[in-house]
Amino acid sequence: MKKILFLLVLFTTAWVCAGALELSDFVLRYRPYGIAATQNCANGDYYYQKSADGSKIFKIAYKNEADERVVFDSEDLRGCTITNWDGYEVSADESKILLHTATKMVYRYSFTADYYVYDTKSQRITKLTEAGGEEIATLSPDNRKVAFVKDNNVYVKWLASGEVRAITTDGKKNKVINGVPDWVYQEEFGILNSLRWSADGSTLAFIRFDESEVPMYSMELYEGACKPNEAYALYPGRFDFKYPVAGEKNSVVSVLAWNEASGELRKMALPIGDEHYVPHIDFAPQGERLMVSTLNRTQNDLRIYSVNPLTGDATEVYAEQSDSWIDPETPNGVQYYDSFFVVMSEKSGYMQLYQCAYEGGEPKALTSGHNNVTAFYGYDKARRQFYYQRTNGPLNRVVEAVDAAGKRIMLTQGDGTYSAKFSSNFKYYIRTFSSLRVPNQYAIFRVDGKKVRNLEQNTEFAQKYAGEQVPHRELITVQSDGYTLNGYIIKPVDFDPSKKYPVIMNQYSGPGSQQVLNRWSMDWQEYFAMQGFIVACVDGRGTGGREKAFQSTVYQNLGKYETIDQIAAARHMASLPYVDADRIGIWGWSYGGYEVLMAMSAEGAPYAAGVAIAPVTSWRFYDTIYAERFMRTPQENPDGYRNGAPLEHTDSLKGKLLIMWGSADDNVHIINSMQYVAKLHAQGNQFDMMVYPNMNHSINGCDIRHPLYQRVLNFFKTHLQK
């Protein structure tokens with residue numbers, strides 16, 4: 001049904017002609033079809049989907065796409081001319097739809113917007129507030145109220161009367177934030193909204209962030225050419241925000257709960273200090289249980305508390321400690337049910353599921369073995385089954401279920417990468433599949449394994465891709481320091497084993513990351529291979545998909561073992577008869593850029609050239625949650641911070657370097673690259689650099705990725721090709 005499908009980026013048939021492929025096809029347009037995002041209906045036989053133009057919301061039956069109705073249509077609105085909505089939330093009883101438009105980004109993921117409430121019975125739409133510009137608006141389960149944040153304070157609006165009440169009044173920019181997580185929580189714990197309603201809508205809980213003592217970071221902004229800002233035409237503007245670097249003060253957090261009946265706002269009596277994190281809160285189905293996850297600053301001691309929101313009293317119901325760090329998925333991925341909750345934990349050495357009682361006691365292991373649960377999809381009460389995704393070896397992902405007796409039921413078969421999104425009643429799921437040679441496929445299945453229908457198979461795209469003018473990834477293994485590492489290699493389509501090729505080593509290398517998987521991917525790497533390079537990638541120690549011990553090798557020593565493994569990978573490539581050992585380069589972005597600088601500065605580095613984009617050059621410059629999770633504080637681990645800082649090794653940098661960054665990067669700040677190049681200048685080193693004004697960590701927008709990768713390609717052609 002074409003109206004609910006969308007093309008991520010449009011491409012034409014012209015590119016399949018011999019010699020027609022360009023770099024822009026790969027970095028801007030060369031993508032398979034996807035499906036528009038879906039939302040579950042409370043009635044598990046249906047799902048919601050927004051139209052491609054953002055003007056309608058459909059309710060579609062899993063069983064039969066012909067069973068479709070429009071639950072919202074902008075053309076039917078009275079007194080409202082908006083026709084393109086950025087997002088929506090449908091209430092469980094479908095009486096209300098919360099929509100937003102005029103989205104303005106705050107950080108990389110958070111935003112303000114103008115919110116509207118549509119009453120499906122009266123077909124009237126009402127703006128949430130006249131001024132607009134709210135954050136994280138959230139419907140109450142009883143559909144009578146909407147909670148939202150404005151100017152760092154929490155408000156509640158009663159929809160029937162239109163009354164708006166301020167729940168907090170102490171919010172102030174760069175001082176106190178209520179409800180919306182601060183920058184470092186958003187970036188490193190991945191939470192954008194801490195507003196939580198109890199099941200009956202009588203209580204609203206949220207996290208308060210006091211960032212008064214957090215040091216300020218300032219970024220200069222310029223008029224620019226991509227979405228220019230004329231206000232900064234003659235004098236730069238400035239963006240100020242609180243950013244805690246490693247070892248400095250974090251926000252002091254507390255959990256508050258507001259009760260509608262009493263009107264009281266109460267602070268929960270959690271046994272935490274100023275150094276603790278609260279990465280997750282949620283209500284259990286019973287409203288008297290507010291569940292709060294806490295971590296110590298070192299992030300190796302997790303506690304979960306059951307809190308009475310009326311009294312604030314807290315009882316510990318789960319505790320876990322680690323010799324290294326506790327994965328954020330453990331506190332953030334908890335799901336709560338009537339009589340138990342489910343935790344994902346690596347305490348066995350692999351990520352597994354555990355069923356826990358609200359009364360405490362020893363958790364029950366639901367899964368086991370030498371594979372990792374990589375996503376928990378939920379519990380089907382009717383069938384008493386738990387659904388999840390797990391690894392099948394490091395490179396594959398499968399979907400399966402386990403019942404109360406421990407019997408496992410496979411929902412997918414074969415190698416590749418499978419994922420699923422289940423209906424609210426777990427009768428159906430939308431399955432996504434891809435592999436190295438199969439682009440993304442989407443289909444609806446019943447939980448008994450029967451396919452209902454295909455949504456998008458990308459048949460045309462696969463046929464075009466099957467032509468031998470586009471190179472393919474081949475899986476390889478590399479030995480390093482007693483470990484077998486997984487990798488891939490991309491050879492030119494006209495590969496001649498009698499020739500000697502230059503090599504570009506692509507890597508990210510960050511803890512828990514994984515670049516080498518049996519899944520579909522096609523980007524600049526394939527195009528660079530078409531230009532006469534061999535591109536290779538190897539996941540070294542610290543990366544994901546394997547046992548916890550493999551990841552924890554890098555604990556308190558970031559940059560050490562990753563560098564050993566990347567150099568071993570480069571030497572492996574150099575040993576191949578069709579590789580020119582004198583023409584090996586290395587590339588990386590963010591953590592990958594950091595590792596480029598570490599590897600190029602290591603003893604015996606075999607690289608003729610390297611490109612580092614948005615690199616961390618010292619973990620002293622990076623945020624508390626991420627840096628300290630793996631390194632502890634600089635005060636506790638000064639040697640680790642010093643040894644793991646490219647800034648400390650500029651005098652041993654070897655090979656030609658291109659360093660690139662965005663001037664408005666709120667994640668890896670400009671200070672990283674500026675201090676690094678300052679030392680290179682002072683030491684008389686020659687290098688190339690490229691700065692992107694007003695661009696953030698992703699350096700995107702206005703098709704800037706095309707000239708960016710063209711610059712990288714030209715650099716490698718200059719220094720690696722004869």
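Tutor: Let's begin with a definition: a disulfide is a pair of cysteine sulfur atoms within 2.5 Å. Keep in mind that this structure is a predicted model.

Student: What makes cysteine 226 and cysteine 702 a disulfide?

Tutor: Their S to S distance is 2.0 Å. The cut-off is 2.5 Å, so the pair qualifies. The structure holds 1 disulfide.

Student: Why is the disulfide of cysteine 226 and cysteine 702 called right-handed?

Tutor: Look at the torsion about the S-S bond: the value is about 85°, so the disulfide is right-handed.

Student: Where in the chain do cysteine 226 and cysteine 702 lie?

Tutor: Cysteine 226 is in the loop between β18 and β19, and cysteine 702 is in the loop between β45 (688-692) and α12 (705-720). The two are 476 residues apart, and the pair links distant parts of the chain.

Student: How do you know whether cysteine 226 is buried, exposed or partly exposed?

Tutor: Its relative accessible area is 24%. Buried needs a value under 20% and exposed a value over 50%, so cysteine 226 counts as partly exposed.

Student: And what is cysteine 702 called, buried or exposed?

Tutor: Cysteine 702 counts as exposed because its relative accessibility is 51% and the cut-off is over 50%.

Student: What about cysteine 356 and cysteine 537, buried or exposed?

Tutor: Cysteine 356 has a relative accessible area of 4%, under the 20% cut-off, so it is buried. Cysteine 537 has 0%, so it is buried as well.

Student: Which label fits serine 212, buried or exposed or partly exposed?

Tutor: Serine 212 is in the loop between β17 (203-210) and β18. Its relative accessible area is 27%, between the 20% and 50% limits, so serine 212 is partly exposed. The C-alpha atoms of serine 212 and phenylalanine 376 are separated by 37 Å, with the two positions 164 residues apart along the chain.

Student: What makes the side chains of strand β18 an alternating set?

Tutor: Follow residues 216-221: Tyr217, Met219 and Leu221 point to one face and are buried, whereas Met216, Ser218 and Glu220 point to the other face and are not. In a regular strand the side chains alternate between the two faces of the sheet.

Student: How do you know that β18 and strand β19 pair?

Tutor: Pairing takes at least two bridges, and β18 and β19 (residues 237-242) have 6, so they pair; the sense is antiparallel. Leucine 221, for example, stands opposite glycine 237 in β19.

Student: What makes β11 and β14 edge strands of their sheet?

Tutor: The sheet is open, with 4 strands in the order β11-β12-β13-β14 and antiparallel pairing. β11 (135-139) and β14 (164-166) each have a single partner strand, so one side of each is left without a neighbour in the sheet. Neighbouring strands here are turned by 20° against each other on average, direction ignored.

Student: How do you know that β11 pairs with β12?

Tutor: There are 3 bridges between β11 and strand β12 (residues 145-150), and at least two are needed, so the strands pair. One bridge partner to find is valine 146 in β12, which goes with leucine 139.

Student: What kind of pairing does the sheet that begins with β38 have?

Tutor: That open sheet has 8 strands in the order β38-β39-β41-β40-β42-β43-β44-β45, and its pairing is mixed. β38 (473-480) and β45 stand at its edges, each with a single partner strand, so one side of each lacks a neighbour in the sheet. Strand β44 (residues 656-662) and β45 pair in the parallel sense over 5 bridges. Glycine 662 has tyrosine 692 as its bridge partner in β45.

Student: Now the empty spaces. How many cavities of 30 Å³ or more are there?

Tutor: The count is 3. The largest has a volume of about 50 Å³, and the second largest holds about 40 Å³.

Student: What kinds of residue line the largest cavity?

Tutor: Its lining divides into 5 nonpolar, 4 polar and 2 charged residues. Among the lining residues are Pro394, Asn486 and Asp539. Asp counts as charged, Pro as nonpolar and Asn as polar, so these three show one of each kind.

Student: Which strand gives the largest share of the lining of the largest pocket?

Tutor: β11 does, with 5 residues. The largest pocket has a volume of about 1,800 Å³. Of the 45 residues that line the pocket, the closest to its centre are Gln39, Glu89, Val90, Thr138 and Asp282. The whole lining divides into 25 nonpolar, 14 polar and 6 charged residues.

Methods. Residues are numbered from 1 along each chain as its sequence is written. This is a predicted model: local features need pLDDT of at least 70, side-chain atom pairs count only at pLDDT 80 or more; totals for chains, interfaces and linings use all residues. Side-chain values use heavy atoms; hydrogens and water are left out. Axes are lines fitted to C-alpha atoms, for helices over the stretch in contact, and angles run from 0 to 180 degrees between N-to-C directions. On a 1 Å grid over the protein atoms alone, a cavity is a set of points where a 1.4 Å probe fits but cannot get out, and a pocket is an open set with protein on both sides within 12 Å along at least five of seven lines; lining residues have an atom within 4 Å of a point. Grid points are joined across faces, edges and corners, and a volume is the space filled by probe spheres set on the points. Buried means under 20% relative accessible area, exposed over 50%, partly exposed in between (1.4 Å probe, protein chains only).
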